[in-house]
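The following note sets out several points on the side-chain environment of this model. Please read it alongside the sequence and coordinates.

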Amino acid sequence: MEYLSHLYKEEPYRDYIDNDPPFSLAVVGKKNLPIAESLSRFSESGTRFRVNYFTDIKTLFPQKVKVGLTGDVLGIFKSKWCSKHLQSKCSCLMFCLDWDELGETSLDEVWLSNICNQLREYMNYSRSKVIIALVTSKEVNSNVNSIVQIEKLQYDVKVFLGSEFKYVLPLFENGMEVNSAEKLFRMALELSTKYHKDEVSRIKNSRLDRSYITVRRKFKIAWHYLVLKDVKTAKRYFEDAYRSLRDISPFCPTMESRICGTILIYHIIRAASAESLISFDDPYYRLCENHILWLGQAIGSSSSEDKPVARFLKLLLLGECYDWITKYTVNITDNVKKDLMISSLGAFEDALNMNCSSSHLTDVVSVPFFLGSECCLDSHSCIFYSAQSTEILSERVQELLNRIGTMEKPSLEALFLLARANIWFRKVEEVIFFLNRLREFTMGTYQECEVFHGLLMEVYRSLDGKPSKKNRDEVMFSFVSLSFGPGEGNTQGRYLRTFLDMAKTNSWTDINLYYPKKGHYAPFTCLCSFSEYYHDCSSRAKLNLEIFTASVESIIVESLSVTISRFCDDEKKASNTILVSKEKFQVSLKTSCSFLVEIHLDEPGFYHCANVKGRVNCNGVILNVEWGLNNSVTLQKIPRELEIVGEVLGPSRHRPWIYVVKPVCLLEFDVPNNITAIEGEEVNVNIVVRAAKNLEGNGSLVLPYIPNLYEFTGDIILEKRSIFRDSQTDYPAFVLDKLPAISQSSPLRLSVVYKFLRAGKYMAPIFFNYKSANYSDREILKRIEVNVFYPFTPTFTLLKVLPWNITPMKVDVVFGSENTLSIPESSSKYVQHEVSILLPPRDGINEIATIPHNNKSIMLYNGVKEKREKSLDIIFSRGEEIVVEISMTCQALRGLKVLSLDVVTAYDVLLISQAVGQLPCCVEYLDILTVTAKVRVLRLGKYSLGFIRIVLASEDGIQRTMSDLPLPEVGVESTPFSLTLRSPSVAILGSPFLLSFDIVNKTESSQSCELIIEKDEAFFVMGGRTQWSFCIGPNSVKSSEIILQPLRVGSLKLPSAFVKHLSSPGSGLTFVCQSDSQRVCVLPS
């Protein structure tokens, strides 16, 4: 539609696709400027007027032209209907009278009658509303004669025009007076609005049937609503008109129906986008997609439409619809947007090619009477031959090229269309650019290459067969690819003849061709392969060359050479060119040639076939073909890149690289496989390196270490060490370089000292590197398995000290108190056994931050304390004595020598005594060393009692190791009571004795408590209260006693006694008096 609107000089197409038509105002008279200035005052009000000026009313009447429907013309939309309503058949007519010329005399009734008859005739024709304006340059005048004259004029006009005419409008001061201008604007707006509303009502009341006239009438209603700025209602009628058109159109619609339907779709999209944004899943988007499919229907073969014109217009409609969707749709994905733009470009390109396919140039003709009927009129059959048509399409294609060219990742189709379009504009540089990007996609088959290189040939033809020096190579490579590619023999021959003609025309006798070049075929292809991966420099290396081609006809290769390059440390050292064949040989699709070349490679390094050059004689045109690798590739990248090619073709056919090395000398690197030690111990490790030959060069030993896990000591480290951080393990390491020479009779012997700082299991690596001048360099890695144990595994036993008053034995009953003993409580055992388990560093309890957590080969020992019995913990009170018994099991396989042992207590823990055997002493593997310490706790809370510091010595007594063993934690509370037991130590079977209990309240307030004595009828007969509740005053003592009669002989445990605190809200057990140590010895009677 936009194309047709620019093609014709008239405005019908432009007026039909105007989605914001204004009110039209026809002004008849001589004073046009005052009217225009009056309406311009309200130009910012949002209401537009299209003002048309006429000198006579007769010029408003159109000349009647009778046009019949001929051929396949449907007559849906009259081409000038919109233009007529905007130019001559206006919304409102203003007839201007010059008040200054008329004066104050009465009007000529004959003249006025003639004017009114013309106005009445125009009103009957156009149904427009009429304004009669008196224009004067005078100011507002309240002269009685002027008012009477206006009323007289208004009365006379009403007599002639009827009751619809309201009044005559006076315009003072040439229309510049504010009130006059506002009256003019409001009256024109009111009458124009009424006109369009009346037209809508009139058309709605007409009979609607299923015909193209119904489509036309619905379009008229929608257009009037557009003028009234009721976009929503206008859209609804446009949709109704479009549905009606689709319902009555055949399966293969005429081009007239497609053009009229596209006009309706354009208005629907613009109206919908004005209401709200059209999204990708919007119904209007799908409506436009469906319309595109409808436009793409085949052109009916039985119709009388001009087929070339129909195809041309069909492409234009498709291109514009794709472009409209792209512009007016939001939230559309980038890929879909690219596809739409590419489809639009493809349609416009095809139309442009049709336009250029004809050599006729014809002037632009007039718009047909019915829109879209160009295909049915002989006078419009060549509208796409004109130069103006070419210019319009070129601008449209160029616009799309600019938009698509900014895409970040254009598709394969987009690149092809961009290249093809730039060929038409003769922009060779752009064509080459897009073709190079197109080459980045797949170019695997000959058919793909034929399409690709066909575009380059079009470039060649667009340059009149004389490409520039800059574009010569691209065109030349394309012709060679098609001449020698895997096509049919006739196809190859046709392209080869064209190529030779071009070469002779441009005097190309010696052409250089470099391969591999993606998407291009060479006159011949070369595969080269060394017979070995590694080669000893003492003999010649063998290189196999295989030459083959896809050409059906034989080609002549006059000479063949190969260049071998040597690399060392990624640096190219030297190159050598070797002539493979001095004689001519032929090669074809059915016949290949093979050559075996022996090359002397005397220097160690990495060698590869840099290039293979051949000279091909093609009917007098010499093609210098060079196959080579990228010179920028590194030593590490070359093998893998060529291995990939070898995997496809087979490693025996293509392996153009070889490693040339020195002879190998056997080395033995002896280190211990494993080391067993204790934490803190230093261990000597002997390293021996033996060689089968005498080596000349320099060696180094790398000793990585992990801080806080293990380290190295000794004189050899201090003398020769240099520290660096290993790039592979990221550990610090000692480097021992400038090592002594190694010979067959004199091996290298070193001794290093490991100091193991943390117990665990881990691997200690050792690297040995030797750079030899006469043999191959060697690198050897050994890993030593290290198992480091704690010196001792302890078992802790905590004993509570309780007071026990022992009384002497009498004849009948034991009573009174003579002696008090402190007996360790051991009935409620508090025994902990420490077990060492292996955990990764990240899971350890006492892990060290510098130890790497990601090393799976490191496992650390962590001590875990386990209780042997599930019993209540002993409650210790402040000031109470605790006996700690530590049984330490030796874990050193070779045994340990204990030089000294000291118990170091924590803050507010007083050491009373400690006992250990005679020191120094030797402890063998799994022997137990027992230490006993008595301490007094003076602080409340839960804390460790301290630690034991042990000084150990090695077997030779020279090495000293200090080890700290932590003591267990205890809980100390402030208890309100203390309980003292009084009983004899010896009793007679069957003779009763007295067991007394003294409960002491240590607080400053009275306390309620309960004494419970556990019954034990198997050993004693008990007399007295076994459960007693009582109150104790502050800092006072309450005593109780029971009589026990033993029933058995032996050492019997006394009954258990419990004290419960009843005063506190959470009353319960606060003190227990029970012990295996509190016994009585019962003698026989």
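1. The model under review is predicted. A search of the whole structure finds 29 aromatic pairs. One of them joins Trp 657 and Tyr 659: with ring centres 5.7 Å apart and planes at 75°, the pair is classed as edge-to-face, because planes over 60 degrees apart fall in that class. The two partners differ in exposure: Trp 657 is buried, at a relative accessible area of 4%, whereas Tyr 659 is partly exposed, at 22%.

2. A second pair is formed by Phe 712 and Tyr 754, whose ring centres lie 4.5 Å apart with planes at 55°, so this pair is tilted. Phe 712 belongs to strand S21 (residues 710-713) and Tyr 754 to strand S24 (residues 748-756), so the pair ties together parts that are 42 residues apart in sequence. Both rings belong to buried residues: the relative accessible area is 6% for Phe 712 and 1% for Tyr 754.

3. The Phe 712 and Tyr 754 rings are also members of a cluster linked by ring pairs. The other members of this cluster are Tyr 705, Tyr 710, Phe 734, Phe 756 and Tyr 762.

4. Two arginines should be noted for their placement over tyrosine rings. The charged end of Arg 494 sits over the ring of Tyr 495, at 5.0 Å from the ring centre. In the case of Arg 939, the charged end sits over the ring of Tyr 943, at 3.9 Å from the centre.

5. Lys 218 deserves a separate remark. This residue is located in helix H9 (residues 212-227). Which side chain of opposite charge is nearest to Lys 218? It is Asp 240, 5.2 Å away; a salt bridge would require a nitrogen-to-oxygen distance within 4 Å, so Lys 218 has none, although the residue is buried. Leaving aside residues up to four places away in sequence, Lys 218 touches Tyr 237, Asp 240, Ala 241 and Ser 244.

6. The final point concerns Val 903, in strand S32 (residues 896-905). Is Val 903 buried or exposed? Its relative accessibility is 10%, so Val 903 counts as buried, the limit being under 20%. With residues up to four places away in sequence not counted, Val 903 touches Leu 911, Gln 914, Val 931, Ala 933, Phe 947, Ile 948 and Leu 967. Of these contacts, Ala 933 is 30 residues from Val 903 in sequence, and the C-alpha to C-alpha separation of the two is 7.7 Å.

Key. Residues numbered from 1 in each chain as written. Predicted model: local features only at pLDDT ≥ 70, side-chain atom pairs only at ≥ 80, totals over all residues. Heavy atoms only, no water. Helix = DSSP H or I, 4+ residues; strand = E, 2+ residues; numbered from the N terminus. Buried < 20%, exposed > 50% of the residue type's maximum accessible area, 1.4 Å probe, protein only. Lys, Arg positive; Asp, Glu negative; His and termini not counted. Contact = heavy atoms within 4.5 Å. Phe/Tyr/Trp six-rings, centres within 6.5 Å; stacked < 30°, edge-to-face > 60°. Lys NZ or Arg CZ within 6 Å of the ring centre and 35° of its normal.
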